[in-house]
Amino acid sequence: MGLFEDLKALGVDIDGGLKRLGGNEALYTRLLGTFVKAIRGQGIDPDFDTSDYEDVKEKAHAIKGTSGNLSITPVFEAYTEIMNLLRAGQPEEAKALLQKVLPVQEEIVSCIEKHSS
């Protein structure tokens, strides 16, 4: 299977992402690479300090935005809820949700990397 088929199997809304970009598959593929770099460079440590989580909020917001623009639905939905929990002052609940989404996120990132090499 190709990149798009593999990502669809992981819950990514390829059609929605492509629609946002006017159907430009090359641009979408390039932006998936940018998503990988963002995750690898700005990923959130699941053991973040729950007394000072401003940095986590910034990173979660960035990942939410990038994943939303590309219709990486499982990641977008999880980070939307993580942001809601952090804004509500519930960092422990956000941390628990982050730990649940990280394996899914890693699977999507690994899929993109596999097809990029």
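**Figure 1. The length and the bend of helix 6 (residues 91-116) in a predicted model**. Helices here are DSSP runs of H or I with at least four residues, strands are runs of E with at least two, and both are numbered from the N terminus. The expected span of a helix is 1.5 Å times one less than its number of residues, so the 26 residues of helix 6 should span 38 Å, which agrees with the 35 Å between its end C-alpha atoms. Helix 6 nevertheless bends by about 35 degrees at Val-101, where a proline, Pro-103, follows within four residues; the bend is the angle between axes fitted to the seven residues ending at a residue and the seven starting there. This is a predicted model, in which local features need pLDDT of at least 70 and side-chain atom pairs count only at pLDDT 80 or more, whereas totals for chains, interfaces and linings use all residues. Residues are numbered from 1 along each chain as its sequence is written, and side-chain values use heavy atoms, with hydrogens and water left out.

**Figure 2. The buried residues of helix 6 and what covers them**. A residue is called buried under 20% relative accessible area, exposed over 50%, and partly exposed in between, with a 1.4 Å probe and protein chains only. Among the buried residues of helix 6 are Pro-91, Leu-98, Val-101, Leu-102, Ile-108 and Ile-112, and the list also includes Lys-95 and Gln-105. Their cover includes helix 1 (3-9), helix 3 (25-42) and helix 5 (73-87), where contact means heavy atoms within 4.5 Å.

**Figure 3. Arg-40 and its two partners on helix 6**. A salt bridge is counted when a side-chain nitrogen of Lys or Arg lies within 4 Å of a carboxyl oxygen of Asp or Glu. Arg-40 forms one with Glu-106, the closest N and O atoms being 2.8 Å apart, and this pair links distant parts of the chain, since Arg-40 is in helix 3 and Glu-106 in helix 6, 66 residues apart. Glu-113 also forms a salt bridge with Arg-40, here with the closest N and O atoms 2.9 Å apart, and this pair again joins helix 6 to helix 3, across 73 residues. Through shared partners, Arg-40, Glu-106 and Glu-113 belong to one network. Arg-40 is partly exposed, with a relative accessible area of 42%, as are Glu-106 at 32% and Glu-113 at 31%.

**Figure 4. Lys-64, a buried residue of helix 4 (residues 54-69)**. Lys-64 is buried yet has no salt bridge, and the nearest side chain of opposite charge, Glu-81, is 10 Å away; in this count Lys and Arg are positive, Asp and Glu are negative, and His and the chain ends are not counted. Leaving aside residues up to four places away in sequence, Lys-64 touches Phe-76, Tyr-79, Thr-80 and Met-83.

**Figure 5. The salt bridge between Lys-8 and Asp-15**. The closest N and O atoms of Lys-8 and Asp-15 are 3.6 Å apart, and Lys-8 is partly exposed, with a relative accessible area of 43%. The structure holds six salt bridges.

**Figure 6. The setting of these views within the chain**. The chain has six helices and zero strands. Its C-alpha atoms fill a box of roughly 40 × 25 × 20 Å along the principal axes, and buried residues make up 38% of its 117 residues.
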